[in-house]
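I wanted a quick look through this model before going back to the bench. These are my notes on the helix packing, a pocket and the ligand site.

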Amino acid sequence: MNPSELSEVALEAGLPRFAAGQICSWLYSKRVSTIDAMTNISKSGRETLKSICEVGITPYSEVFVSADGTKKYIFDMDGSAVEAVMIPDGDRATLCVSSQKGCAMGCRFCMTGRGGFHGNLDAAQILSQFFAIDEAPILTNAVFMGMGEPLANYTQVMKVMEVLTSEWGLGWSPKRITLSTIGVIPRLRDYLAQSRCHLAVSLHNPFHDERLSVMPREESWPIAQIVDILRSQDFSGQRRVSFEYTMFAGFNDSKRHADALARLLRGIECRINLIRFHEIPDFPYKCSPAPVMEAFRDRLNAAGITTTIRASRGEDILAACGLLAGKYNNPSENSME
Ligand code: SF4
């Protein structure tokens with residue numbers, strides 16, 4: 001909840017309005033997990049609060065640790081397994097957070113998409129991923145790239161971003177947060193207007209028919225339109241836009257694709273992240289070989305678009321891009337339990 005919602009709760013509990021500020025501080029600065037711990041609120045006030053609300057952090061149920069230090073946390077959210085991945089990198093610790101139980105977008109190369117959609121997470125369930133993990137106090141960055149399409153759960157995701165970036169909340173700079181989307185056009189416009197956080201767009205193929213063959217939502221939200229919307233935005237300041245491009249051998253890794261990509265993105269200040277594809281069952285393509293990826297990267301850089309090959313993290317615990325399946329994978333070798 002934000003301060004104005006907490007004022008309503010305070011009033012309902014018979015507390016003075018300023019108690020909302022105290023509750024906010026207990027929740028987001030001191031990060032208590034019970035109402036009893038809010039000791040500057042009268043005992044009777046706390047009892048009333050307990051009768052009408054709860055702190056609402058969902059603890060994780062399981063954690064898997066990769067050889068590279070990446071950790072995959074499993075949460076049981078209303079009976080659905082939801083995954084969040086913590087990626088350490090020098091003095092940074094980034095949380096890859098899930099916004100939905102499963103996903104309705106149906107991208108054919110993604111295990112989350114394969115599992116179907118089981119509902120939205122509410123703001124408390126999304127925030128639990130930040131508050132309940134072992135690294136909660138040292139998290140520095142967040143990417144909304146876990147399970148689900150965050151723009152399809154817009155209201156709750158924006159509420160979480162408000163908590164993360166407000167002075168009364170965690171006080172993070174918007175520069176520490178990136179939302180990743182396949183390009184839900186109506187909500188993309190809202191996000192660009194209402195948020196200052198970074199944006200990553202899952203592009204994967206510059207050609208309509210080919211993109212459509214692996215991303216069914218290309219039908220309603222074509223990449224050409226998405227890029228037109230982005231071209232009208234100014235990304236020369238604090239906010240950045242990047243494009244995610246998973247490399248499939250023989251599908252999207254030719255010179256023709258690199259050149260079309262460079263043409264498509266001309267005029268947008270952006271970068272491209274090339275992602276190694278992690279094979280999944282019943283999908284016809286494998287990952288492009290390393291030399292092909294490097295040549296693709298070099299061709300784009302030569303065309304003036306900063307392009308890097310993203311290091312893949314957490315593959316051994318199936319925590320890497322596209323592998324969050326919402327079920328327990330290979331727990332025996334990696335579980336801490
Ligand atoms: Fe959903 Fe993203 Fe997977 Fe597509 S890639 S199915 S949008 S989670």
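**Helix pairs**

I started with helix α7 (residues 185–194) and helix α9 (residues 223–231), whose axes cross at roughly 15 degrees and come within 11 Å. Angles under 35 degrees count as roughly parallel, so α7 is roughly parallel to α9. I also checked the handedness here, and α7 passes α9 in a right-handed crossing. Note to self: this is a predicted model.

Next I looked up α5 and α6. Their axes are 8 Å apart, and the two helices pack at an angle of about 45 degrees. An angle of 45 degrees is neither under 35 nor in the 65 to 115 range for roughly perpendicular, so α5 and α6 are oblique to each other. The crossing of α5 and α6 is right-handed.

**Second largest pocket**

Then I turned to the second largest pocket, and I got a volume of about 450 Å³ for it. I asked which of its 23 lining residues are the closest to the centre. My list reads M1, L27, Y28, E54 and V55. Going by elements, I found that α1 (3–12), α2 (19–29), α5 (123–131) and α6 (154–165) each give two or more residues to the lining of this pocket. Which element provides the largest share of that lining? I have α5 down for it, with five residues. So α5 and α6, the oblique pair from my earlier entry, both turn up again in this pocket's lining.

I sorted the lining by class as well: 17 residues are nonpolar, three are polar and three are charged.

**Ligand site**

Last, I went to the ligand and wrote down what surrounds it. The residues around it are C103, M105, G106, C107, C110, G113, G148 and I182. How do the residues of this shell divide by class? I noted five nonpolar, three polar and no charged. Cys counts as nonpolar and Gly as polar in this scheme, so C103, C107 and C110 go with the nonpolar residues, while G106, G113 and G148 go with the polar ones.

Terms used. Residues are numbered from 1 along each chain as its sequence is written. This is a predicted model: local features need pLDDT of at least 70, side-chain atom pairs count only at pLDDT 80 or more; totals for chains, interfaces and linings use all residues. Side-chain values use heavy atoms; hydrogens and water are left out. A residue is near a molecule or strand if one of its heavy atoms lies within 4 Å of it. On a 1 Å grid over the protein atoms alone, a cavity is a set of points where a 1.4 Å probe fits but cannot get out, and a pocket is an open set with protein on both sides within 12 Å along at least five of seven lines; lining residues have an atom within 4 Å of a point. Grid points are joined across faces, edges and corners, and a volume is the space filled by probe spheres set on the points. Helices (H or I, at least four residues) and strands (E, at least two) are DSSP runs, numbered from the N terminus. Axes are lines fitted to C-alpha atoms, for helices over the stretch in contact, and angles run from 0 to 180 degrees between N-to-C directions. Angles under 35 degrees count as roughly parallel, over 145 as roughly antiparallel, 65 to 115 as roughly perpendicular and the rest as oblique. A crossing is left-handed if the near helix is turned anticlockwise from the far one by less than a right angle, and right-handed if clockwise.
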